[in-house]
Amino acid sequence: MERVIVHVDMDYFYAAIEEREDPSLKGKAVVVCMYSNRGEEGGAVSTCNYVARDAGIHSAMPCRKARSIKPDAVFLPVRKEFYEEVSESVMEILHSSADKEEAFEKVSIDEAFLEITETCDGDFDKAQKLGMEIKGEVKKSERITCSVGIGPNKLIAKMASSFNKPDGITVIRPENVQEFLGAMPIKKLWGIGRVTEEKLTEMGIVTIADLADRDVMELIDAFGKNRGTWLKQSASGIDESPVKERTSSDQIGRMASLKHDTRDEKMISELMDELVDSVMSKAVARNVVFGTVTTTVIFSNFKTSTKSKTLTHAVSDKDILNRNAMEMMQQFLRESTLNFRRIGIRIGNLQERTGQKSLFDFYGVNACQH
Ligand code: TTP
Ligand code: CA
């Protein structure tokens with residue numbers, strides 16, 4: 001069966017979050033700036049919304065220049081930790097749509113690949129439907145948009161997601177890969193930078209189709225074996241690299257929606273059991289113990305709240321995880337009258353397990369909340 005790969009890229013991510021948080025920004029140019037230690041005078045544009053882009057502002061431009069182009073734009077400082085929280089919620093949604101646990105690859109704060117071959121039986125019509133559902137769920141839960149690309153491999157999925165932005169979806173079926181790539185200029189091929197582009201242009205290669213038509217030996221002569229072969233394959237739309245989890249992460253988290261919005265503790269506890277099982281099986285597979293437990297609730301009005309607890313010793317114990325998680329859920333229930341829409345659990349401060357688990361099965365102090 002042909003693989004079906006999805007690439008999701010959030011639209012003008014940091015600026016979109018700022019727009020969401022402050023409805024008065026709607027329609028205005030919003031520029032998120034990374035200020036340097038020289039204060040507001042230094043610094044570069046991290047990103048900006050599409051109103052600001054239409055005026056000519058873009059990432060990495062000096063903030064001072066952006067200000068001179070559009071003095072009436074709203075300039076905001078980067079709030080990285082906050083964006084990371086939003087990113088985690090988005091990633092939970094994307095992860096839960098993948099074929100299986102391992103079929104998910106977070107690429108950056110606002111981009112991920114997921115494989116859905118089994119979920120859609122290799123059928124690209126079903127894949128398109130699932131892609132729309134993913135977009136809908138992200139929009140509903142986080143109130144920001146993303147662009148989705150679907151194709152038979154990561155290369156095509158990645159190029160498809162940037163084909164129609166913002167809030168787009170592009171599905172490239174295997175039989176349309178050549179047509180999709182062919183007419184594009186070579187600089188659009190994922191992985192081609194300015195230096196390669198210049199060299200290819202000197203060789204008379206302008207479009208991706210030109211590159212695909214070149215003899216592989218000629219490309220190897222010019223770029224070496226690995227790069228030459230890669231250029232030929234990519235231009236032909238071939239990419240066999242797997243979607244695979246990057247395991248360097250120091251956290252393992254899961255989030256899921258309740259069957260309907262509720263405050264019923266039994267329903268919440270049943271779903272939490274499933275999430276705890278899933279997180280624990282991953283911790284066991286990675287052979288790690290955890291030192292923190294974090295829970296998240298997304299309420300019926302889409303507001304998100306998080307609580308964390310630092311354990312006295314790192315453990316790997318399902319009951320401890322479950323007990324801590326449910327204590328936090330009860331606290332959430334006491335603090336708000338709203339229904340719960342989604343709940344999540346995350347373990348952090350992961351360390352390699354050294355055995356003798358029972359020695360360290362203490363838990364409980366240093367509770368902190370935010
Ligand atoms: P991108 O996905 O490159 O950009 P974007 O999400 O803002 O816009 P687009 O709709 O075109 O996808 O980057 C994701 C985030 O990473 C972006 O919101 C801010 C941050 N970023 C920087 O801080 N500096 C940069 O130079 C770039 C390119 C991104
Ligand atoms: Ca993006």
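In this predicted model, six donor atoms surround the calcium ion (ligand 2), and the angles they subtend run from 81 to 172°, which makes the arrangement octahedral. For comparison, ideal angles for six octahedral donors are 90 or 180 degrees.

**The calcium site**

Which residues coordinate the calcium ion (ligand 2)? They are D9 (OD), M10 (O) and D110 (OD), at 2.2 to 2.3 Å. Along the sequence, these donor residues follow the spacing D-M-x99-D. M10 belongs to strand 1 (residues 5-10), while D110 sits in the loop between strand 5 (104-108) and strand 6 (111-115), so the pair ties together parts that are 100 residues apart in sequence. Are M10 and D110 buried or exposed? Both are buried.

**The sheet around strand 1**

Strand 1 is part of an open sheet of five strands. Their order is 5-6-1-7-8, and the pairing is mixed. Strand 5 and strand 8 (169-171) are the edges, each pairing on one side only. On average, neighbouring strands in this sheet are turned by 15° against each other, direction ignored.

Strands of a sheet pair through backbone hydrogen bonds, either parallel or antiparallel. Strand 1 and strand 7 (residues 146-151) take the antiparallel sense, over six bridges. M10 appears again here: its bridge partner in strand 7 is C146.

A helix joins the picture. Helix 4 (residues 80-97) lies across strand 1, strand 5 and strand 6. Its direction is at about 150° to strand 5.

**Domains**

The domain assignment divides the protein chain into domain 1 (5-12 + 82-176), domain 2 (14-79), domain 3 (178-235) and domain 4 (251-369). The C-alpha centres of domain 2 and domain 3 are 35 Å apart.

**Three buried residues and their contacts**

The table leaves aside contacts with neighbours within four places in sequence.

| Residue | Relative accessible area | Contacts |
|---|---|---|
| R20 | 15% | F82, V86, E142, R143 and I144 |
| S87 | 2% | F13, K106 and I109 |
| G237 | 9% | N153, L155, I156, V177 and L181 |

Where do these residues sit? R20 is in helix 1 (residues 13-21). S87 is in helix 4, the helix that lies across strand 1, strand 5 and strand 6. G237 is in the loop between helix 11 (225-235) and strand 9 (252-262).

Why does S87 count as buried? Its relative accessible area is 2%, and buried means under 20%. G237 also has a link across the sequence: its C-alpha atom is 6.8 Å from that of Q178, although the two are 59 residues apart along the chain.

**Backbone exceptions**

Most residues other than glycine have a negative phi, and most peptide bonds are trans. Some places in this chain depart from that pattern.

Y12 has a positive phi, near 25°. It is found in the loop between strand 1 and helix 1. At 17% relative accessibility, Y12 counts as buried.

R143 also has a positive phi, near 55°. This residue is in the loop between helix 5 (124-142) and strand 7. R143 counts as partly exposed, at 39% relative accessibility. R143 is also one of the contacts of R20.

The peptide bond joining K165 and P166 is cis, with omega about -5°. P166 is in the loop between helix 6 (154-161) and strand 8. Strand 8 is one of the edge strands of the sheet.

Methods:
Residues numbered from 1 in each chain as written. Chains lettered and ligands numbered in written order. Predicted model: local features only at pLDDT ≥ 70, side-chain atom pairs only at ≥ 80, totals over all residues. Heavy atoms only, no water. Donors = N, O, S within 2.8 Å, 3.2 Å for Na, K, Ca; no water. Tetrahedral: all angles 85-135°; square planar, octahedral: opposite > 155°, others 65-115°. Helix = DSSP H or I, 4+ residues; strand = E, 2+ residues; numbered from the N terminus. Buried < 20%, exposed > 50% of the residue type's maximum accessible area, 1.4 Å probe, protein only. Domains from an automatic or database assignment. Pairing = 2+ DSSP bridges. Axes fitted to C-alpha atoms, helices over the stretch in contact; angles between N-to-C directions. Contact = heavy atoms within 4.5 Å.
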